[in-house]
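User: I should like to learn how the terms used for a protein model are justified. Please set each value against its definition as we proceed.

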Amino acid sequence: MTPDLGPDPADAPPLRWGILAAGGIARKFAADVPAHTASTVVAVGSRALDRAEAFAAANAVGRAHGSYEELVADPEVEAVYVASPHSEHRDHALLAIEAGKHVLVEKSFTRNAAEAREVLDAARERGVFAMEAMWSRFLPHMVALRDVIGSGAIGELVAMYASHSQAISHVPRMARPELAGGALLDLGIYPVAFAFDILGEPTSVHATGQLTEAGVDATLAITFGYERAVAQLSSTMLARGHNIAEIAGTAGRITVDATFFAPGSFTVHPHEGEPWRVAPEVAGGFQYQAAEVARRVRAGEHESPLRPWAEIIGTQTAMDEIRRQVGMVLPGE
């Protein structure tokens, strides 16, 4: 079969973006969106004006603001990409929503499900679009993967494996509970969201792991139970792993190459017949989620069916339970 790769981001309507927080991940957004879509990044905001100005100069962004309040008040900004640490997502999303801006909030959407509900309730009341920036959900190989599974090519799904492991414990924010550090909200969310994407919300959650001396999770092993399937997920910030995913069905299996949640490829191994590959050519990557926001905003919609609000809350709820089981509590919870 020739699987669907999804719509071309260049065909999405234009949207004027503002970037909240001038960090590393914001640089990728500022590069990918204008290069591959009709949208533009018109402004960036930081708590320090010189930092915002340096970002704007380095990334061809028109205006720099020395506060987040100034950014969300900018009349040229239609949508805000929230790229601050996890601990700040709730407050910064609410700030933008209150200003009437649509929001794309970097994963994890918030620290916990209660904060996610608060943000989404505010978006509903204000009548704006809101979505988690789960970029992998919109990538061509993931669109194709769902199409292949939906075709019945590997039969009924029975088991799944996905892991995201990186040696990033030296990164300061990863070690700090006040910044919602740890492996789960930064790395483990990818396997968790992958399971939600392919198998849906689990009926049971079991987790074990180790915490650092500061009290954030360093390594996790997670099992999601379903009526007729199981997902085995893992993450660590202490070492780099294979970062692959595999889905087993009654008629075959699919292996998703490393890094499974980034632009990439997969191989279908049917029980009968020869293996075959899907390997879309992708430049950039963040443009696909930005294009989805633009399409939904122009259609007057407030959420995406590819990462709906109920699933965002479901993912956060599952991660809350994982943290509860391993004893990780963030400040203020």
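**Strand pairs, helix contacts and buried residues**

Analyst: Thr208 of strand 8 stands opposite Ala221 in strand 9. The model is predicted, so local features need a pLDDT of at least 70 and side-chain atom pairs a pLDDT of 80 or more, while totals for chains, interfaces and linings use all residues. Residues are numbered from 1 along each chain as its sequence is written, and side-chain values use heavy atoms, without hydrogens or water.

User: What makes strand 8 and strand 9 a pair?

Analyst: Two strands pair if DSSP finds at least two bridges between them. Strand 8 (residues 204-211) and strand 9 (residues 217-225) have eight bridges in the antiparallel sense, so the condition is met. Strands here are DSSP runs of E with at least two residues, and helices are runs of H or I with at least four, numbered from the N terminus. The hairpin of strand 8 and strand 9 has five residues between the strands, and Gly215 takes a positive phi near 100° there.

User: How do you know that strand 9 also pairs with strand 10?

Analyst: Seven bridges join strand 9 to strand 10 (residues 230-236), in the antiparallel sense. Thr223, for example, has Gln232 of strand 10 as its bridge partner. A hairpin of four residues links strand 9 to strand 10.

User: Why are strand 3 and strand 6 said to stand at the edges of their sheet?

Analyst: The open sheet has six strands in the order 3-2-1-4-5-6, with parallel pairing. Strand 3 (63-65) and strand 6 (130-133) each have a single partner strand, so one side of each lacks a neighbour in the sheet. From one strand to the next, the twist averages 25°. Strand 2 (residues 40-45) pairs with strand 3 over three bridges in the parallel sense, and Gly45 has His65 in strand 3 as its bridge partner.

User: What makes helix 4 roughly parallel to helix 5?

Analyst: Helix 4 (residues 89-98) and helix 5 (residues 113-126) pack at about 5°, with axes 10 Å apart. Angles under 35 degrees count as roughly parallel, over 145 as roughly antiparallel, 65 to 115 as roughly perpendicular and the rest as oblique. Helix 4 is therefore roughly parallel to helix 5. Among the residues in this contact are Ala93 and Leu94 of helix 4 and Val119 and Ala122 of helix 5.

User: Why, then, is helix 7 called oblique to helix 9?

Analyst: The axes of helix 7 (residues 183-199) and helix 9 (residues 309-326) come within 10 Å and cross at roughly 125°. That value makes helix 7 oblique to helix 9. The crossing of helix 7 and helix 9 is right-handed. Residues meeting there include Ile189 and Val192 of helix 7 and Thr315 and Ala318 of helix 9.

User: How do you know whether Thr315 is buried or exposed?

Analyst: Buried means under 20% relative accessible area, exposed over 50%, and partly exposed in between (1.4 Å probe, protein chains only). Thr315 has 1% relative accessibility, so Thr315 counts as buried. Beyond its neighbours within four places in sequence, Thr315 is in contact (heavy atoms within 4.5 Å) with Ile189, Val192, Phe196 and Arg307.

User: What makes Ala113 a buried residue?

Analyst: Ala113 lies in helix 5, and its relative accessibility is 4%, so Ala113 counts as buried. Not counting residues up to four places away in sequence, Ala113 touches Ile313, Gln316, Thr317 and Asp320. Ala113 and Ile313 are 200 residues apart in sequence, yet 5.5 Å apart in space, C-alpha to C-alpha.

Terms used. Axes are lines fitted to C-alpha atoms, for helices over the stretch in contact, and angles run from 0 to 180 degrees between N-to-C directions. A crossing is left-handed if the near helix is turned anticlockwise from the far one by less than a right angle, and right-handed if clockwise.
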